[in-house]
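I opened the notebook to go through one structure, a step at a time. The entries below follow the order in which I looked things up.

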Amino acid sequence: MQAPETVVASVVPMTPLPYSITRKRRENVGSWTLELQPVGEAIEQIQPGQFTMLYSFGVGEVPISTSGDTTKGESLVHTIRAAGAVTRRICALGLGDLVGVRGPFGNTWPLDEARGRDLVLVAGGVGLAPVRPALYHVLAHRSDYERVVLLVGGRSPDDLLFRNELERWRSRFDLSVDVTVDVADPAYRGRVGVVTKLIPRAPYDPDTAVAFVCGPEAMMWYAAKALVESGIPREQVFVSLERTMRCGIGLCGHCQLGPTLVCRDGPVYTWSQVERLLAVEEL
C-alpha cells in the first residue's frame, strides 16, 4: 500500500531514491556526464541552478548541480568531475548501475528576472555545467531575451566541457560565444588568457544586462568585479556558490557562509549579497 502523500513528502528530503544510469559520456580527462532515470518513484522536476545530492551506495553523498536541458523534463543529467572518493566512484559506474538521488535542492537562476534584458553567462571550468541548463532555457525561449552572451574559460583546450555544443552554439546568429584557455599548445588557434579578459569586449548593454557567473571561487570574484566595473549593478550579477554540503536542507551547517546556508539560501546569490562574505579569507 502506498504511504500517504504527507508521509512521503516528509521522508523524501533525506531518503535517496534509486536512479539507473542510462547514458554516460566522457567530457574530458576527468569529467563525465551521466543521464539518470528513476527506478520507481522520481524526484520533482529539477530547475536550472538547482542541485541534487547524489549517493554512491556504501561510499557517500555529494551535491551536484543539474547540467541537462530542463525544458524537456526527461532524464536527470549531471556532469561530474572525478575529484574525490564519492565522485570517482560515481564516475566509475556503468550503464544500468544505480545511484541514490535526493532533491532537488536550492534556488534557481533568475531567468524570469532576465526576460527582456541582455544576458551574460560567464563560466569557468566545470562551472559551465550549472550554467548550461540556463542557456538551454534561454535558447528554448529566445524571443524572451535580448542579446545573449556566453563567455567560457578553461585551463587548457582539453579541459573544456561540451566542446561539440560550444561549436554549435558559436554557429548561431542569435548567440555570442567567446572561449579562452589559460594555457594552450602551438596547435591551438583560439584565445589564450583568463575568462575575465573576455568581459570588456563582450557585446552587451550594462544598463539592461543581467549576468550569471559560475566557476572556481577566485574566477567568480574577478569576473563579478569586472562585470560590475563594466556598469552592471551588483544586484543584477548572480553567482552560484559551492560549499561542502551534507544534508541539503539547512540542518547540518556544513555549508554555512557567514549568516547564510548555501544549500538552503543558495546556491545562487546576487553579488551584493556575498561580495563582502567572499572577501573574508577562509570564511
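**Entry 1: the open sheet**

I began with Ser240, which stands opposite Val268 in β15. The model I am reading is a predicted one. I then looked up the pairing of the two strands, and β12 and β15 pair in the antiparallel sense over three bridges. I noted for myself that strands of a sheet pair through backbone hydrogen bonds, either parallel or antiparallel.

Next I asked in what order the strands of the open sheet come. The sheet has seven strands, and I wrote the order down as β10-β9-β8-β7-β11-β12-β15. The pairing in this sheet is mixed. I also looked for its edge strands, which are β10 (191-192) and β15 (268-270). Each of these two pairs on one side only.

**Entry 2: helices on the sheet**

Which strands does helix α3 lie across? I found that α3, residues 128-140, lies across β7 (118-124), β8 (148-154) and β11 (209-214). Helix α3 runs at about 155 degrees to β7.

I then turned to helix α4, residues 163-170, which packs on the sheet. Helix α4 touches β8 and β9 (176-181). The direction of α4 makes about 140 degrees with that of β9.

**Entry 3: Asp178**

I picked one residue of the sheet, Asp178, which is found in strand β9. Is Asp178 buried or exposed? The relative accessible area of Asp178 is 10%, and buried means under 20%, so I entered Asp178 as buried.

I listed the contacts of Asp178, leaving aside its neighbours within four places in sequence. Asp178 is in contact with Leu150, Leu151 and Val152, and also with Arg191, Leu198 and Arg201. I looked up one distance as well: from C-alpha to C-alpha, Asp178 and Gly153 are 8.7 Å apart in space. In sequence, 25 residues separate Asp178 and Gly153.

**Entry 4: strand β6 and its partners**

I moved on to strand β6, residues 98-105, and asked how many of its residues are buried. Seven of its eight residues are buried, and I noted β6 as mostly covered.

I checked the pairing of β6 with strand β1 (residues 17-28), which is antiparallel over four bridges. In β6, Gly100 is the bridge partner of Pro18. I then checked strand β3 (residues 51-56), which pairs with β6 in the antiparallel sense, over four bridges. Here I found Leu54 opposite Val101 in β6.

**Entry 5: salt bridges**

I asked how many salt bridges a search of the whole structure finds. The search finds 16. I reminded myself that side chains of opposite charge can pair when their charged atoms come close. I then looked at a few pairs.

Arg25 forms a salt bridge with Glu27, and their closest N and O atoms are 2.9 Å apart. Arg25 is partly exposed at 32% relative accessibility, whereas Glu27 is buried at 15%.

Arg155 forms a salt bridge with Asp159, where the closest N and O atoms are 3.9 Å apart. I noted Arg155 as exposed, because its relative accessibility is 58%. Asp159 has a relative accessible area of 22% and is partly exposed.

Arg243 and Glu217 meet through their side chains in a salt bridge, at 2.6 Å from N to O. Why did I write that this pair ties parts of the chain together? Arg243 lies in the loop between β12 and β13, and Glu217 lies in helix α5 (residues 217-229), so the pair ties together parts that are 26 residues apart in sequence. Arg243 counts as buried at 15% relative accessibility, and Glu217 is partly exposed at 34%.

I also entered one network: Asp112, Arg115 and Asp144 are joined by salt bridges that share partners.

**Entry 6: a nonpolar patch**

Last, I looked up a nonpolar patch on the surface, which is formed by Met14, Ile249 and Leu251. Together these residues have about 300 Å² of accessible area. I located Leu251 in the loop between β12 (237-240) and β13 (256-257). Leu251 has 67% relative accessibility, so I entered Leu251 as exposed.

Key. Residues are numbered from 1 along each chain as its sequence is written. This is a predicted model: local features need pLDDT of at least 70, side-chain atom pairs count only at pLDDT 80 or more; totals for chains, interfaces and linings use all residues. Side-chain values use heavy atoms; hydrogens and water are left out. Patches are made of residues with over 30% relative accessible area and no salt bridge: like charges are joined within 9 Å, nonpolar side chains (Val, Leu, Ile, Met, Phe, Trp, Tyr) within 5 Å. Accessible areas come from the Shrake-Rupley method with a 1.4 Å probe; for residues, only the protein chains shown count as cover. A salt bridge is a side-chain nitrogen of Lys or Arg within 4 Å of a carboxyl oxygen of Asp or Glu. Buried means under 20% relative accessible area, exposed over 50%, partly exposed in between (1.4 Å probe, protein chains only). Two strands pair if DSSP finds at least two bridges between them. Contact means heavy atoms within 4.5 Å. Axes are lines fitted to C-alpha atoms, for helices over the stretch in contact, and angles run from 0 to 180 degrees between N-to-C directions.
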